[in-house]
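Please open the structure in your viewer and keep the selection tool at hand, since each stop on this tour asks you to pick something out and look around it.

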Amino acid sequence: MKLKKVLAIAMASMMVFGLTACGGNDAAPAATDAPAEEAPAEEAPAEEEAPAEEAPAETEAEDAAAEDADAAAEAAGAGGNIGVCIYKFDDAFMTTYRNALQEILEGKGYTVTFMDGKNDQAEQNNQINNFIAQGVDALIINPVMTSAADQIIATVKDAGVPTVLINREPTAEQMSAYDKLVYVGCDARQSGTMQGELILDTENKGDINGDGKVSYIMIQGDPENVDAQYRTEFSVKALTDAGIEVEELDLQRGDWDRNKGQEIAQNDLAKFGDQIEVIFCNNDDMAIGALQAIQAAGRKVNEDIYLVGVDALDAALNEVAAGNMTGTVLNDAQGQAEGAVQAMEDLLGGKTYASGEQSIYVDYVKVTPDNVADFQ
Ligand code: BGC
């Protein structure tokens, strides 16, 4: 995607970084199953670190503090060492995100090291510990498992390393344990709702066969990830909230993976045939896989079946433009990477975050054949 267009989109969206600190999701995380050997030392209550209430920087004192923070961040940029942990390199969306982070950080003069968690939390815990032992100035972490958030937060707090979490959002309560920690990402409920709206915007509101209900299959990402949970829930909720009857023919986890998306769609198309009116995919990579199965089954998107994803990967944008996907939702990797670096620099400049204000969100954007050219 072209940077200029992304910036235009980011500016057009109403959210402004640094001002849009929201409460985190309040979903209870799955039970922590952190490896025993990684268990952090008991933490003393963090009362002494409780920051004063943070308001948008409008007073002179706050302006001055912001300038100091900028100066400190610039100094760090001259030689700061940043450790970045990605849950796994072999993920289409996180590859785009990682490339954006690298370009921004290196462009600002940081020395940055990326580690591949290989979808293994124990491996990532070691990588975090190694970064801490090396004395990195800040960490940017895309956790492998949301359920490991408590442990990750305790570890970075213990070491006093400013940390930005990305892509997998812990709860506000978990983050409140450490005031030099912030989450930058998107509110996945919004992307789910937009997927539902893409179906509502079709001429028959998803009811291709006119039987009074929308029959769909749901290809889910890794269900441990709140993005997968919310997209699954809110895509369908958008339909039912609009008074549409729905029928779930199948729901299966495709773990964000193209091949799994293809396999699930192929099996379901063989099993349910024309009954399937909509295929919801929690991300574009699985949607591209599903499209291969749709085409192999001789079905035609937007004529006898609808297909939606999330991310706006380049491949998906091409398929939307060609009419082979009903639509997708921009998961703004560039905007999130810029936000993560900005938040990191704020932390390096001494900023702390009050409990309940540790989630910074970037807006999702609906992508249809009408506006797809703006994203290509
Ligand atoms: C993206 C997926 C990606 C996942 C990784 C999601 O926000 O939509 O494509 O696989 O993050 O955690």
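Select aspartate 227 together with the ligand: a polar atom in the side chain of this residue lies 2.6 Å from an oxygen atom of the ligand, a polar contact being a pair of N or O atoms within 3.5 Å. On its own the ligand exposes 310 Å², of which the protein buries 99%, with accessible areas taken from the Shrake-Rupley method with a 1.4 Å probe. This is a predicted model, in which local features need pLDDT of at least 70 and side-chain atom pairs count only at pLDDT 80 or more, while totals for chains, interfaces and linings use all residues. Residues are numbered from 1 along each chain as its sequence is written, and side-chain values use heavy atoms, with hydrogens and water left out.

Next, add aspartate 91, where a side-chain N or O atom is 2.5 Å from an oxygen atom of the ligand, and then arginine 168, where the corresponding distance is 3.0 Å.

Now widen the selection to the residues that surround the ligand, among them Tyr87, Phe93, Asn225, Trp256 and Asp311, each having a heavy atom within 4 Å of it. Colour the structure by domain, with bounds from an automatic or database assignment: domain 1 (81-186 + 334-362) and domain 2 (189-331) both give residues to this shell, so the ligand lies between them.

Finally, which residues that line the largest cavity are the closest to its centre? Select Asp91, Phe93, Asn167, Asp227 and Trp256, which are the closest of the 13 lining residues, a lining residue having an atom within 4 Å of a point of the cavity, which is a set of points on a 1 Å grid over the protein atoms alone where a 1.4 Å probe fits but cannot get out.

Key. Polar contact = N/O pair within 3.5 Å; in protein donor to acceptor, adjacent residues only side chain to side chain. 1 Å grid on protein atoms, 1.4 Å probe; cavity = no way out; pocket = protein on both sides within 12 Å on 5 of 7 lines; lining within 4 Å.
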